[in-house]
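Dear colleague,

I am passing on the structure we spoke about, with my notes set out below it. Please read them with the coordinates open, and tell me where your own reading departs from mine.

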Amino acid sequence: MAEPSQLEEAVEFAENPEPRCACVLLLDTSNSMQGDAISALNAGLRSFKANLIQDPLAARRVEVAVVTFDTQAQVIEDFVTADLFEPPILTAQGMTHMGAGIHKALDLLQARKAQYRASGIAYYRPWVFLVTDGAPQGEPESVVEAAAQRIREEEAAKRVAFFAVGVENADMDRLQQIVVRVPVKLIGLNFVEMFVWLSASMQKVSQSRMDEQVALPPPGWGAV
Amino acid sequence: MEAACWQVVGASVRGAGHEKTGQPCQDAHAWLQTPAGVLLAAVADGAGSAAQSEIGAATAARSAVERLRCIEAGVPSPDDTPGWRAFLLSGLQAAQEAVEVEAAALQTSARELATTLVLAAATPNCVAVAQVGDGAVVVADRQGNLTALSPPPSGEHLNETTFLVSPDALDTASCFVWQGDAAYLALLSDGLQMLALKMPEGAPHAPFFAPLFRFASDIAEPAAAQAQLEAFLRSSRIAERTDDDLTLLLAASAGTGD
């Protein structure tokens, strides 16, 4: 009978692409974020990367993209796996075009999912993680309402999990009108802890198999 | 006809992910051979998000094969697909009821015992499979041709599947009957799917199965074979690729591998 080591050597594995877990960081870089807030956010992004790459599976499976919104919504970094993610250094300026940012993030996800499907890559339900210290400002209300409607539809169809975090003076009531899930209020400028939590949650998702939903570690950095 | 006799080895091991978080192995398997030579085998994969899914998985796998043993007296003919569907669904239903009873005994909701269930019956002239949720069954004929008897993983996202406790589980269960003289059979939980099947079509990867089937036909001592299979599932080559719980059940029909 074969020794275990022989079995281990004899069996060849199918070469399938790693399944992907896409996460868009949708970050407010409006004028009010200037100073300590934006510095803390940048430090948080660095710890996000540092934590994710400690987990070899998450490093290969979690894909991160960064979209910022101020007077314009921009893709700062398109999807890359966590091991290749370069934490950007963000600066703060301008108004708060949150609606445009939401559209940009969901467009980016839609395009990525189409790429996954075209390449036969399996994927987990993607995440959008919105961080803001204010409320939509400087863009037509219809854009914001359309963005909120889109979140409701995507959540209902289970195509995305859309999380929102309010910083300091964020208008939590307004935020709750835009997103489906209850937004979380960040305690102080605890971005490092928030991103460590996000990293742990993404690791959990990227290791889950086909579970309907993943029980996320409780956030220790914010209040509902 | 002389009754076929199967050599069987199965193992369920805890994945690296659950070792890290201290969760138990939530996979389970069960099998038995009836006096008439019908092999009944089940693999269950408890939901990671359910608190006591390891109990749900073990209960489901065990009660499904036990139930089918009881009604095995008259198995359907190979071309009687509706008959096989009814036969196997009675096993799934027994598993569903047993999980509900177990949940009541534990004073919890059946949702906390959520599990998938793959159930296979192999006779000398066919293999029938019914399943709720993920997992796969692969059969090899005497010429070594491999066929997957499970639908490819469904749903848009990986982290979605159907569980036995879902209200529509039995209605949406997939069922497949393969007609022929099976030489080998493998049941696996979804943790192994990415290693054993070519995605997205879910076709069996022959270099994965061939050495394992040879191993199954050479079983001399069942306990040692199970230990070897467990060691294989815990090997670093597998741990590098997946940290999910893993179950593999292999069966070789008598007269193969000599």
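In this predicted model, helix H3 (81-105) of chain B lies across strands E4, E5 and E8 of that chain, running at about 45° to E5(B). The strands beneath H3(B) belong to an open sheet of five, in the order E2-E3-E4-E5-E8 (chain B), whose pairing is antiparallel. Its edges are strand E2 (27-33) and strand E8 (174-179) of chain B, each of which pairs on one side only, and neighbouring strands of this sheet are turned against each other by 10° on average, direction ignored. Within the sheet, E4(B) and strand E5 (residues 126-132) of chain B run antiparallel and are joined by seven bridges, with B:Leu117 standing opposite B:Val132 in E5(B). Helix H2 (residues 53-70) of chain B also packs on this sheet, where it touches E2, strand E3 (39-46) and E4 of chain B, and its direction makes about 165° with that of E3(B).

The loop that follows H3(B) deserves a look of its own. B:Gln107 is found there, between helix H3 (81-105) and strand E4 (115-123) of chain B, and has a positive phi of about 55° although it is not a glycine. Most residues other than glycine have a negative phi. B:Gln107 counts as exposed because it has 6 C-beta neighbours inside 10 Å, where the limit for that class is 12 or fewer.

Chain B holds a further open sheet of five strands, with the order E1-E12-E9-E6-E7 and antiparallel pairing. Here the edge strands are strand E1 (6-13) and strand E7 (146-148) of chain B, each pairing on one side only, and the average turn between neighbouring strands of this sheet is 15°, direction ignored. Strand E9 (residues 182-188) and strand E12 (residues 246-253) of chain B run antiparallel and share five bridges, and B:Ala186 has B:Leu250 opposite it in E12(B). Helix H7(B) packs on the sheet, touching E1 and E12 of chain B, with a direction that makes about 40° with that of E1(B). Helix H6 (residues 206-217) of chain B lies across E1, strand E6 (136-141), E7, E9 and E12 of chain B, and runs at about 60° to E12(B).

Two checks on H7(B) may be useful to you. At 1.5 Å a residue, the 12 residues of helix H7 (residues 222-233) of chain B should span 16 Å, and its end C-alpha atoms are indeed 16 Å apart, which agrees. The buried residues of H7(B) are B:Ala225, B:Gln228, B:Leu229, B:Phe232 and B:Leu233; seen down the axis of H7(B), they fall within an arc of 140°, so they line one face of the helix. In an α-helix there are 3.6 residues a turn, so residues three or four places apart point the same way.

Turning to chain A, there are seven helices and seven strands, which follow the pattern α-β-α-α-β-β-α-β-α-β-α-β-α-β along the sequence. Its C-alpha trace spans about 70 × 30 × 30 Å along the principal axes, and the radius of gyration of chain A is 19 Å, which agrees with the value near 17 Å that a compact globule of 224 residues would have. Buried residues make up 47% of the 224 residues in chain A, and among contacts between residues at least 6 apart in sequence, 76% join residues at least 24 apart.

How many of the eight residues of strand E1 (residues 21-28) of chain A are buried? Eight of the eight are, so E1(A) is largely enclosed by the rest of the structure. Both faces of E1(A) are covered, with A:Cys21, A:Cys23, A:Leu25 and A:Leu27 buried on one side and A:Ala22, A:Val24, A:Leu26 and A:Asp28 buried on the other. In a regular strand the side chains alternate between the two faces of the sheet. E1(A) pairs in the parallel sense with strand E2 (residues 62-69) of chain A over eight bridges, where A:Ala22 has A:Glu63 in E2(A) as its bridge partner. E1(A) also runs parallel to strand E4 (residues 127-132) of chain A, to which five bridges join it, and the bridge partner of A:Leu27 in E4(A) is A:Val131.

Lastly, A:Lys158, in the loop between helix H5 (141-156) and strand E5 (161-166) of chain A, has a positive phi of about 60° although it is not a glycine. With 15 C-beta neighbours inside 10 Å, A:Lys158 counts as partly exposed.

With best wishes

Methods
Residues numbered from 1 in each chain as written. Chains lettered and ligands numbered in written order. Predicted model: local features only at pLDDT ≥ 70, side-chain atom pairs only at ≥ 80, totals over all residues. Helix = DSSP H or I, 4+ residues; strand = E, 2+ residues; numbered from the N terminus. Rg over C-alpha atoms; globule rule 2.2 N^0.38 Å. Buried ≥ 20, exposed ≤ 12 C-beta atoms within 10 Å, placed from the backbone. Contact = placed C-beta atoms within 7 Å. Pairing = 2+ DSSP bridges. Expected span 1.5 Å × (residues − 1). Arc of directions from axis to C-beta. Axes fitted to C-alpha atoms, helices over the stretch in contact; angles between N-to-C directions.
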